[in-house]
Amino acid sequence: MLGLDDCLAEVMAIPGALDAMVVDHTSGMAVAATGADGDVDAARSAAAISETLRVTMDGLAHSAPGGTVRVDDMLVTTDKGHHLLRPLETPFESPLVIYVRLDRERANLALARFRLQAISRQLTT
């Protein structure tokens with residue numbers, strides 16, 4: 001089982017990774033963060049990431065048969081980069097989300113998704 005620091009080190013080893021966070025999805029607080037430059041407010045970003053995921057899941061649940069949906073990962077592409085979120089079902093008190101911001105020019109999205117999936121398995125087992 002990976003610790004949070006090891007998890008973030010593995011995420012930052014993904015080609016094109018610019019910064020990464022582990023976010024408590026319930027509270028919207030950053031549990032751990034790395035790589036962020038001085039322009040990024042980790043606490044504010046964590047709250048926004050948690051809210052974005054919550055709203056997306058709620059919206060999808062309304063359009064899904066039975067009203068339930070489980071998101072494996074979520075990708076948002078902006079003019080400045082790719083934002084990849086991976087919710088985790090954990091034995092901890094609250095669900096976590098791994099977030100990584102990727103350089104749009106250098107990142108390989110398929111590889112990033114594959115690596116994030118493997119890292120999330122290591123963190124939760």
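**Pockets and sheet of the predicted model**

The second largest pocket has a volume of about 260 Å³. Its lining is made up of 17 residues, and Ser45, Ala48, Ile49, His83 and Tyr99 are the closest to its centre. Two or more lining residues come from each of S1, strand S2 (29-34), H2, S4 and S5. Among these contributors, H2 gives the most to the second largest pocket, with five residues. By residue class, the lining of this pocket splits into eleven nonpolar, four polar and two charged residues. As a reminder for anyone planning to work with these numbers, the model is a predicted one.

The largest pocket offers about 350 Å³ of space. Here the lining counts 19 residues, and Arg70, Val71, Pro87, Leu88 and Glu89 lie nearest the centre. Helix H2 (42-63), strand S4 (81-88), strand S5 (96-102) and helix H3 (109-124) each bring at least two residues to this lining. In the largest pocket, nine lining residues are nonpolar, five are polar and five are charged.

Several of these elements belong to the sheet. Five strands make up an open, antiparallel sheet, and their order is S2-S1-S5-S4-S3. At the edges stand S2 and strand S3 (74-78), each of which pairs on one side only. On average, neighbouring strands of the sheet are turned by 20° against each other, direction ignored. S1 and S5 run antiparallel and are joined by seven bridges. Across this pair, Met21 stands opposite Tyr99 in S5, and Tyr99 is also one of the residues closest to the centre of the second largest pocket.

Two helices pack on the sheet. Helix H1 (residues 4-12) touches S1, S2 and S5, and its direction makes about 145° with that of S1. H3, in turn, touches S3, S4 and S5, with its direction at about 25° to that of S4.

A closer look at strand S1 (residues 17-24) brings in Val23, which lies in this strand. Is Val23 buried or exposed? Val23 counts as buried because its relative accessible area is 0%, where the cut-off for buried is under 20%. Beyond its neighbours within four places in sequence, Val23 is in contact with Gly28, Met29, Ala30, Val31, Ala46, Ser50, Pro95, Leu96 and Val97. The C-alpha atom of Val23 is separated by 9.4 Å from that of Ser45, a residue 22 places away along the chain. Ser45 is itself among the residues closest to the centre of the second largest pocket.

Technical notes
Residues numbered from 1 in each chain as written. Predicted model: local features only at pLDDT ≥ 70, side-chain atom pairs only at ≥ 80, totals over all residues. Heavy atoms only, no water. Helix = DSSP H or I, 4+ residues; strand = E, 2+ residues; numbered from the N terminus. Buried < 20%, exposed > 50% of the residue type's maximum accessible area, 1.4 Å probe, protein only. Contact = heavy atoms within 4.5 Å. 1 Å grid on protein atoms, 1.4 Å probe; cavity = no way out; pocket = protein on both sides within 12 Å on 5 of 7 lines; lining within 4 Å. Points joined across faces, edges and corners; volume = space filled by probe spheres on them. Nonpolar A, V, L, I, M, F, W, Y, C, P; charged D, E, K, R; others polar. Pairing = 2+ DSSP bridges. Axes fitted to C-alpha atoms, helices over the stretch in contact; angles between N-to-C directions.
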